[in-house]
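Trainee: I should be grateful for a close look at one part of this model, with attention to side-chain packing and to the pairing of charges. Please follow the contacts outward from that part as far as they lead.

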Amino acid sequence: MSQQQRPNDVSIDDIPVDVSNTQSGEVDPAEVPEEIRSITRGLASEQPPTNPLVVLKAARWWYIHGKGGTDPAFQWAIEWVRHLATDTPSDVDQFDAFLEYLVTVGFADEKVALR
């Protein structure tokens with residue numbers, strides 16, 4: 001059974017990619033799919049996800065809908081996957097930038113609320 005997709009709304013999984021809104025740098029928290037929101041908030045929590053495939057799913061969404069390779073949520077997700085894969089310490093400054101970005105985007109009013 002094939003799935004119908006409109007030219008401006010494509011996906012390789014159940015999370016749509018709005019082609020017209022790719023790499024705009026302007027992320028409206030209301031437009032973040034619930035699964036991506038949950039993974040992203042998990043990455044900011046005391047017990048982040050440990051499945052690299054789950055984290056990469058969020059990284060892909062932020063890359064496409066955020067600021068591309070410079071998006072702090074994308075960068076932190078990739079850094080966390082690197083940490084999971086190599087068991088090396090993660091970059092604390094990058095994590096702090098990620099938390100600040102989530103506040104800027106509107107996921108929380110302050111960084112401490114994300115932890």
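Mentor: Trp62 has a relative accessibility of 1%, so this residue counts as buried. The model is a predicted one, and what follows is a description of its computed geometry. The neighbour in sequence, Trp61, is likewise classed as buried, because its relative accessibility is 6%. Both tryptophans are listed among the buried residues of helix 2, together with Val55, Lys57, Ala58, Ala59, Ile64 and His65. The presence of Lys57 in that list deserves notice: a lysine is counted here as buried.

The helix that carries them may be considered next. Helix 2 runs over residues 52-65, that is, 14 residues. From the first C-alpha to the last it reaches 20 Å, close to the 20 Å expected at 1.5 Å a residue. At its start, Asn51 provides a side-chain oxygen that comes to within 2.9 Å of the backbone nitrogen of Leu53.

Turning to the rings, a search of the whole structure gives eight aromatic pairs. One of these joins Trp61 and Trp62 in an edge-to-face arrangement, with 5.1 Å from centre to centre and 85 degrees between the planes. Helix 2 also contributes Tyr63, whose ring centre lies 5.1 Å from that of Phe74; the planes stand at 55 degrees, so this pair is classed as tilted. Since Tyr63 belongs to helix 2 and Phe74 to helix 3, the pair ties together parts that are 11 residues apart in sequence. The two partners fall into separate accessibility classes: Tyr63, at 35%, counts as partly exposed, whereas Phe74 is buried, with a relative accessible area of 19%. The value for Phe74 should be read with the cut-off in mind, because buried means under 20%.

Helix 3 (residues 72-86) also holds His83. With a relative accessible area of 18%, His83 is buried. A polar atom of the His83 side chain lies 2.5 Å from the backbone oxygen of Thr88. When neighbours within four places in sequence are set aside, His83 is in contact with Thr88, Pro89 and Ser90.

To return to the tryptophans, Trp61 and Trp62 belong to one aromatic cluster with Tyr101 and Phe107. Through Phe107, the cluster leads to a charged residue: Arg37 lies over the face of the Phe107 ring, at 5.0 Å from the ring centre. Arg37 has a further partner in Glu34, with which it forms a salt bridge whose closest N and O atoms are 4.0 Å apart. A salt bridge requires these atoms to be within 4 Å, and the stated distance for Glu34 and Arg37 is 4.0 Å; I would therefore read this assignment with the cut-off of 4 Å in view. Glu34 and Arg37 are separated by about one helical turn, because they stand three residues apart in helix 1 (residues 34-44). Glu34 itself counts as exposed, with a relative accessibility of 56%.

The charged pairs may now be followed further. Side chains of opposite charge can pair when their charged atoms come close. A search of the whole structure finds six salt bridges. Among them is the one between Lys111 and Asp96, in which the closest N and O atoms are 2.6 Å apart. Asp96 lies in helix 4 and Lys111 in the segment after helix 4, so this bridge ties together parts that are 15 residues apart in sequence. Lys111 also meets Glu100 in a salt bridge, at 3.7 Å from N to O. This second pair links distant parts of the chain as well, Glu100 being in helix 4 and Lys111 in the segment after helix 4, 11 residues apart. Asp96, Glu100 and Lys111 are thus linked in a network of salt bridges.

How accessible are the members of this network? Lys111 is partly exposed, with a relative accessible area of 29%. Asp96, at 30%, is also partly exposed, and Glu100 is partly exposed at 41%.

Beside Lys111 in sequence comes Val112, which is placed in the segment after helix 4 (92-105). Val112 counts as exposed, because its relative accessibility is 59%. Its C-alpha atom is separated by 9.9 Å from that of Ser45, although the two residues are 67 residues apart along the chain.

Methods. Residues numbered from 1 in each chain as written. Predicted model: local features only at pLDDT ≥ 70, side-chain atom pairs only at ≥ 80, totals over all residues. Heavy atoms only, no water. Helix = DSSP H or I, 4+ residues; strand = E, 2+ residues; numbered from the N terminus. Expected span 1.5 Å × (residues − 1). Buried < 20%, exposed > 50% of the residue type's maximum accessible area, 1.4 Å probe, protein only. Polar contact = N/O pair within 3.5 Å; in protein donor to acceptor, adjacent residues only side chain to side chain. Contact = heavy atoms within 4.5 Å. Phe/Tyr/Trp six-rings, centres within 6.5 Å; stacked < 30°, edge-to-face > 60°. Lys NZ or Arg CZ within 6 Å of the ring centre and 35° of its normal. Salt bridge = Lys/Arg side-chain N within 4 Å of Asp/Glu carboxyl O.
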